[in-house]
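Hi everyone, thanks for making time for this. I'd like to walk you through one model today, so please have a look at it while I talk.

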Amino acid sequence: MNTGFRATVSRYIPILDWGRRYDRSAFSDDALAALIVTIMLVPQSLAYALLAGLPAQMGIYASIVPIILYAIFGTSRALAVGPVAVVSLMTATAVGSIAQQGSAEYITAAITLAFLSGLFLLALGFLRLGFLANFLSHPVIAGFITASGILIATGQIKHLLGIQASGHTLPELVLHLFENMGDTNFATLAIGVSATAALFWIRNGLKPLLVSLGFDARLANVISKSGPVMVVAATTLIVWAFALDDQGVRTVGAVPQGLPPLTAPSFSADLWAGLFVSAILISVIGFVESVSVAQTLAAKKRQRIDPDQELIGLGMANIGGSFSGGYPVTGGFARSVVNFDARAATPAAGAFTALGLLMASLFLTPLLYYLPQATLAATIIVAVLSLIDLSILPRTWAYARADFAAVSLTILATLGLGVEIGVTAGVVLSILIHLYKTSRPHMAVVGQVPGTEHYRNVLRHEVITDPAILTVRVDESLYFANARYLEDRVYDMVASRPKVEHVILMCPAVNEIDMSALESLEAINERLGDIGVGFHLSEIKGPVMDRLRRSDFLQHLNGDVFLSQHQAVETLTEDKGFGHTA
């Protein structure tokens, strides 16, 4: 009893499981990983808050309590939770439609959005409904993230130029950028271009250079990950030393020093209604991105994660963020890979990262006053360009035109109409394509491969068939959307083969027969019986057969049910040698 209760509690609070085995070696690995990720997260958190249209400190706040709660409730040992680019963009879009950026109402809406997102994720987790995220196909996710990356990078150009520009779509952003290009602040442009170039070089060239100079690989990794902090420090010093803020260079300004504040979401019904759909979209997108990263990293160490528990972990992280001055968070790819490469052993690495960010919030924020917004914009641009993957277009075009259509529509809708409409269009199209494909399942007439007991498509193989026996293989589960299609195809095949005496429905790929499909099978059985044609089934799976036995279909079936297709043909063919090659 106690053991069962302990296992149940550990399932919902994983720290009780891995925490019992925590040792000094794991602590050493986690502490080093936390140091590296903390160094990376300080400028990144500030930048993503800027992207969400929020005060810079909210990026740090969103990276403290949420990380600790995920360490308690999450199952991934490497996932690093916090603000990410795509969710920050979606937050800005959702909240910007309700309140004016920079207002108290805007901040309250962002906090409430985190709370609603957390509630939705928790509900999915406790109800074990994580599978619903599977309706977001990978091509749609790839297309959405690619388009979001383009929008984010384009939206940050205004900070590199020091001009005003707004818009939630690519045409709006480009139009405003061109209209205000004449107001470019050249000191800001110099800082922005220099910071971008430096960050690109640090990202791709610093570590190889250090290794070639004889540095230890792990030390070179730590130094290269601290590169963005060096850029932040250098540009901040330049702005302060030359008083560039007096020359129009926009800076972060005063950042409150101290612990994350105790905040609370709004419980206004109108605000909840305005944010409800956005909270669902952010939750689903964030979960899919997070669980994909977690599963990939877990597989590299032969570990596993529990997707439903991940929903609970992310839900608790978002709810915690809403009470500590944060906004919606999820697992980030870049920081999680850094965490993994730094050999994080347990989720405690995330908790140690939170402590590092807490120290930054307590002691470092006064140093950020002269941090130029152009540097944060450069940080965002360098981070999101790795998200843009246009290769998905030629790959889906070559492999599956339906997926190409889904990707193209998602990209175009996101760029032209905004992120929420874009991802919604992608989801709807994915579902419609799935329904269309399954409503017209692949069906093949099959025959016997000579000298074997295998039966294959007559259009693809040299096979033996009997003109009196028509075997139709169905390569899809049978349900309401394809039941009528099955009837029509069987009737057409029988009508075009006047010598047919038996029809065998071969069902090795049929995992489900719902009530609508059962009624179609009954109709086929009755109609074939009326014209003197036997109707048989072969290779029915056990669970499907169990359900058929609970109906009276088998009692009225005018033919038989066979364990294998070969058994069916042998039984129905009086002379095995009779047949011809198709």
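Let me start with a question: which residues does E289 touch, not counting residues up to four places away in sequence? The answer is V84 and G331. E289 is found in helix α13, and E289 is buried, with a relative accessible area of 14%. Before going further, please keep in mind that this is a predicted model.

Now for the overall view. The chain has 582 residues, and 53% of them count as buried. You can find 25 helices and 10 strands in the chain. Along its principal axes, the C-alpha trace spans about 100 × 65 × 60 Å. If you take contacts between residues at least 6 apart in sequence, 79% of those contacts join residues at least 24 apart.

Let's go inside. The largest nonpolar core holds 100 residues, and the members that touch the most other members are L46, M90, F144, I285 and Y327. Helix α13 gives the most to this core, with 13 residues. That is the helix where we found E289 a moment ago.

F144 is a good place to stop and look around. Setting aside residues up to four places away in sequence, F144 touches V86, M90, I285, T410, T414, V419 and V423. Apart from this core lies another core, of 33 residues, and among its members are V445, A483, L521 and I524. Please remember V445, since we will meet that residue again in a strand.

Next, a pair of helices. In general, two packed helices are described by the angle between their axes and the distance between the axes. Here we have helix α3, residues 24-51, and helix α11, residues 217-225, with axes that come within 8 Å and cross at roughly 25 degrees. That angle makes α3 roughly parallel to α11. Which residues meet there? From α3 we have L32, I36, I39 and M40, and from α11 we have R218, N221, V222 and K225. By class, this contact of α3 with α11 has 5 nonpolar, 1 polar and 2 charged residues.

Two single positions deserve a look as well. P139 is found in helix α8, residues 138-161. Is P139 buried or exposed? At a relative accessible area of 12%, P139 is buried, because buried here means under 20%. Leaving out residues up to four places away in sequence, P139 touches T396, D403 and V407. If you want a sense of distance, P139 and L486 are 347 residues apart in sequence, and their C-alpha atoms are 29 Å apart in space.

The other position is L244, which has its place in the loop between α12 and α13. L244 counts as buried too, at 11% relative accessibility. Beyond its neighbours within four places in sequence, L244 is in contact with I191, I238, V239 and V249. From C-alpha to C-alpha, L244 and P171 are 32 Å apart in space, with their positions 73 residues apart in sequence.

Let me finish with the strands, beginning with β3, residues 443-448. How many of the residues of β3 are buried? It's 6 of 6, and the strand is mostly covered. Both faces are covered: M443, V445 and G447 sit on one side, and A444, V446 and Q448 on the other.

What does β3 pair with? One partner is strand β6, residues 469-474, in the antiparallel sense over 3 bridges. In that pairing, A444 stands opposite R473. Strand β4, residues 455-457, also runs antiparallel to β3, and 3 bridges join the two. There, V446 has N457 as its bridge partner. β3 and β4 form a hairpin with 6 residues between them, and G451 in the turn has a positive phi of about 80 degrees.

From β6 we can step across to β7. These two strands run parallel and are joined by 5 bridges, with L470 opposite V503 in β7. β7 covers residues 502-506, and 5 of its 5 residues are buried, so this strand is largely enclosed by the rest of the structure. H502, I504 and M506 point one way from β7, while V503 and L505 point the other way.

That's my tour, and I'm happy to take questions.

Key
Residues are numbered from 1 along each chain as its sequence is written. This is a predicted model: local features need pLDDT of at least 70, side-chain atom pairs count only at pLDDT 80 or more; totals for chains, interfaces and linings use all residues. Side-chain values use heavy atoms; hydrogens and water are left out. Buried means under 20% relative accessible area, exposed over 50%, partly exposed in between (1.4 Å probe, protein chains only). Helices (H or I, at least four residues) and strands (E, at least two) are DSSP runs, numbered from the N terminus. Two strands pair if DSSP finds at least two bridges between them. Axes are lines fitted to C-alpha atoms, for helices over the stretch in contact, and angles run from 0 to 180 degrees between N-to-C directions. Angles under 35 degrees count as roughly parallel, over 145 as roughly antiparallel, 65 to 115 as roughly perpendicular and the rest as oblique. Contact means heavy atoms within 4.5 Å. Ala, Val, Leu, Ile, Met, Phe, Trp, Tyr, Cys and Pro count as nonpolar, Asp, Glu, Lys and Arg as charged, and the others, Gly among them, as polar. A nonpolar core is a set of buried Ala, Val, Leu, Ile, Met, Phe, Trp, Tyr and Cys residues joined through side-chain atoms within 4.5 Å.
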